[in-house]
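Hi,

Here is the model I promised to pass on. Have a look first, and my notes follow underneath.

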Protein chains: 2
Amino acid sequence: MSDPLSLTFAALADPTRRAILARLSEGDATVNDIAAPFAMSLPAVSKHLKVLETAGLITRSRTAQWRPCHLEAAPLKDANGWISRYRRFWEASFDRLDDYLAELQAGDPDKKS
Amino acid sequence: MSDPLSLTFAALADPTRRAILARLSEGDATVNDIAAPFAMSLPAVSKHLKVLETAGLITRSRTAQWRPCHLEAAPLKDANGWISRYRRFWEASFDRLDDYLAELQAGDPDKKS
DNA sequence: GCTTTATTAAACTCATAAGCTAATTAACCT
DNA sequence: AGGTTAATTAGCTTATGAGTTTAATAAAGC
């Protein structure tokens with residue numbers, strides 16, 4: 001229904017799902033493995049995995065009764081591409097912060113003493 | 001209620017809001033200016049702006065009866081920081097794609113003729 | 001064939017998101 | 001004061017998200 005970028009950002013907008021991706025960055029894992037650290041039912045985790053799969057952030061294979069999940073970073077590349085177009089704005093802010101810090105360092109000569 | 005990163009990603013998960021940010025990257029704008037391109041009521045746009053404001057992606061000042069919106073990219077920096085930790089994964093995919101393209105270029109000697 | 005293990009599906013609740021129209025606030029202009 | 005313009009609030013509808021428990025599916029192992 002939604003465009004791919006919206007699906008990706010929506011999938012990333014949940015801390016549980018971001019934690020799942022972090023876990024998968026260390027290697028493939030089964031649903032039970034993935035669910036273990038969470039204080040949440042297995043079906044809930046299964047739903048999170050479906051959201052990630054729909055967004056293309058994971059794929060699942062079938063080995064016996066296990067469905068190991070695998071990280072797929074391609075959508076992250078697109079998300080990164082979108083955000084990166086704003087880099088100059090946050091770097092500009094950093095420059096201003098640097099100026100401010102330099103000013104502080106200099107003893108803020110105009111404002112006090 | 002949510003953590004800042006979740007708020008940021010949730011805010012970005014809507015194409016209207018992403019378009020608003022794109023518009024603001026060209027300069028500050030009033031609510032009416034922002035709303036003009038969208039086939040949507042003004043209150044709907046106003047709500048989108050509130051979502052962006054709550055996520056810290058915009059700030060609003062008051063000039064007479066106008067409330068010009070200003071892009072604030074700091075949350076994008078954090079979102080970028082989170083995503084960037086996965087860069088090696090999508091670059092790895094790219095490497096594989098490069099290999100594949102190189103293989104195609106070479107005439108795929110093992111598979112046909 | 002029956003049981004255990006792994007995972008998903010179904011059916012439900014509750015909260016929030018996105019949109020609308022109509023009404024309200026706020027500031028400007030005569 | 002009264003009218004116009006800019007923007008938000010209120011109240012509503014509809015859809016979706018996140019979680020639950022219980023039930024079903026699929027494959028393995030005895």
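Which helix gives the largest share of the surface near DNA strand C? That is helix 4 of chain A, with five residues (near means that a heavy atom of the residue lies within 4 Å of the strand; helices are DSSP runs of H or I of at least four residues, numbered from the N terminus).

Before the rest, some housekeeping. This is a predicted model, in which local features need pLDDT of at least 70, side-chain atom pairs count only at pLDDT 80 or more, and totals for chains, interfaces and linings use all residues. Residues are numbered from 1 along each chain as its sequence is written, chains are lettered from A and ligands numbered from 1 in the order in which they are written, and side-chain values use heavy atoms, with hydrogens and water left out.

Back to the DNA. Around strand C there are 22 residues, of which A:Asn32, A:Arg60, B:Ser41, B:Lys47 and B:His48 come nearest. Of the strand's atoms that come within 4 Å of the protein, 74% belong to sugar and phosphate. The side chain of A:Ser46 has an N or O atom 2.8 Å from a phosphate oxygen of DNA strand C, and for the side chain of B:Arg17 that distance is 2.9 Å. B:Lys47 places a polar side-chain atom 2.6 Å from a base oxygen of the strand. By class, this surface has eight nonpolar, seven polar and seven charged residues (Ala, Val, Leu, Ile, Met, Phe, Trp, Tyr, Cys and Pro count as nonpolar, Asp, Glu, Lys and Arg as charged, and the others, Gly among them, as polar).

Now the two protein chains. A turn of 180° with a shift of 0.0 Å along the axis lays chain A on chain B with an RMSD of 0.0 Å (superposed by least squares on C-alpha atoms of residues with pLDDT of at least 70 in both). That is the relation of a two-fold axis. Each chain brings 28 residues to the contact (heavy atoms within 4.5 Å). The buried area is about 2,500 Å², and carbon and sulfur atoms give 71% of it (accessible area, with a 1.4 Å probe, lost on putting the two parts together, summed over both). On the chain A side, A:Arg18, A:Tyr86 and A:Trp90 lose the most area to chain B, together 22% of what that side buries.

Two salt bridges are counted between the chains (a side-chain nitrogen of Lys or Arg within 4 Å of a carboxyl oxygen of Asp or Glu). B:Arg18 pairs with A:Asp3 in a salt bridge, their closest N and O atoms 2.7 Å apart.

Best wishes

How values were computed
A polar contact is a pair of N or O atoms within 3.5 Å; within protein, one must be able to donate a hydrogen and the other to accept it, and residues adjacent in sequence count only if both atoms are side-chain atoms. Helices (H or I, at least four residues) and strands (E, at least two) are DSSP runs, numbered from the N terminus.
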